[in-house]
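Subject: Structure for you to look at, with notes

Dear colleague,

I am passing on the structure we spoke about, and I would be grateful if you could open it alongside this message. My notes come after it.

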Amino acid sequence: MPQQLVVTAIGNDRTGIVSRLARLVTDCNCNIIDSRMAIFGGEFTFIMLLSGDSVAISRIEHLLPGLGLELDLTTMTKRTSAHQPKPVAAHYVLEYKGLDRVGTLGAITGLLASRDIYIGSLQSESKTDKHGQNLMHTVMTLELPEGESAQQIETDVMALINDMNLTGSFSALT
């Protein structure tokens, strides 16, 4: 029976890290089910969801720390089970932009959590514009639970976004 393992690697960004990690996965006879890579400051961050039999997963767990030391990466593994999706009425995309202020993401995700709305993905970025202002841009995919009114959620979320002097949109995922 296939098992799953989440692998995280963080370290100084340089060429070849993904290749070395992917080769280890292949050499251990695992499959990459999902992966994400991002650069945060000067740090490389890579997350993979692997699948394999118990011997393959154990081998990755045993060999990854050594490769991490060789590549000067902080690595972590955690066994997991397959994702069990919840009943979802609809999928939406929430996007907002504006001045970057402390607490913005917390306020918006707090509202979503209070309505039992699942965040399927989130990407948030802050950049300094040519006038020296820190601007943020966030995009989330949301899964609305059955029984929730998409129109009411949109009204509540957009009211909060407007109260925070942000611009945004709430639209059905097509």
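What follows is a description of the sheet, the helices around it and two individual residues.

Please keep in mind throughout that this is a predicted model.

The sheet

Four strands make up an open sheet in the order β6-β7-β5-β8, and the pairing is antiparallel. Strands β6 and β8 (167-172) stand at the edges with a single partner strand each, so one side of each is left without a neighbour in the sheet. From one strand to the next, the twist averages 10°.

Looking at the pairings in turn, strand β5, which covers residues 88-99, runs antiparallel to strand β7, residues 134-145, and the two are joined over eleven bridges. One point at which you can check the register is Y92, whose bridge partner in β7 is L142. On the other side, strand β6 (residues 118-128) pairs with β7, again in the antiparallel sense, over ten bridges. Here S124 stands opposite T138 of β7, while S126 has M136 as its bridge partner in β7. The hairpin of β6 and β7 has five residues between the strands, and within this hairpin G132 takes a positive phi near 85°.

Helices on the sheet

Two helices lie across these strands. Helix α3, residues 104-114, lies across β5, β6 and β7 and runs at about 10° to β7. Helix α4, residues 150-163, lies across β5, β7 and β8, and its direction makes an angle of about 165° with β8.

A residue worth selecting in this region is I108, which is placed in helix α3. With a relative accessible area of 1%, I108 falls under the 20% cut-off and therefore counts as buried. Leaving out residues up to four places away in sequence, I108 touches L94, Y96, M140, L160, I161, M164 and L166. Of these contacts, the one with L160 can be followed further, since I108 and L160 are 52 residues apart in sequence and yet 7.4 Å apart in space, taken from C-alpha to C-alpha.

The pair α1 and α2

Helix α1 (residues 17-27) packs with helix α2 (residues 54-71) at an angle of about 155°, and their axes are 11 Å apart. An angle over 145 degrees counts as roughly antiparallel, and α1 and α2 are therefore roughly antiparallel to each other. The crossing in which α1 passes α2 is right-handed. On the α1 side the residues involved are R20, L21, L24, V25 and D27, and these meet R59, I60, L63, L64, L67, E70 and L71 of α2. Sorted by class, this contact of α1 with α2 has eight nonpolar and four charged residues, with no polar ones.

A serine in β3

Finally, is S51 buried or exposed? S51 is found in strand β3, which covers residues 43-52, and because its relative accessibility is 16%, S51 counts as buried. Setting aside neighbours within four places in sequence, S51 is in contact with P2, Q3, C30, N31, I33 and I57.

With best wishes

Key:
Residues are numbered from 1 along each chain as its sequence is written. This is a predicted model: local features need pLDDT of at least 70, side-chain atom pairs count only at pLDDT 80 or more; totals for chains, interfaces and linings use all residues. Side-chain values use heavy atoms; hydrogens and water are left out. Buried means under 20% relative accessible area, exposed over 50%, partly exposed in between (1.4 Å probe, protein chains only). Contact means heavy atoms within 4.5 Å. Two strands pair if DSSP finds at least two bridges between them. Axes are lines fitted to C-alpha atoms, for helices over the stretch in contact, and angles run from 0 to 180 degrees between N-to-C directions. Angles under 35 degrees count as roughly parallel, over 145 as roughly antiparallel, 65 to 115 as roughly perpendicular and the rest as oblique. A crossing is left-handed if the near helix is turned anticlockwise from the far one by less than a right angle, and right-handed if clockwise. Ala, Val, Leu, Ile, Met, Phe, Trp, Tyr, Cys and Pro count as nonpolar, Asp, Glu, Lys and Arg as charged, and the others, Gly among them, as polar.
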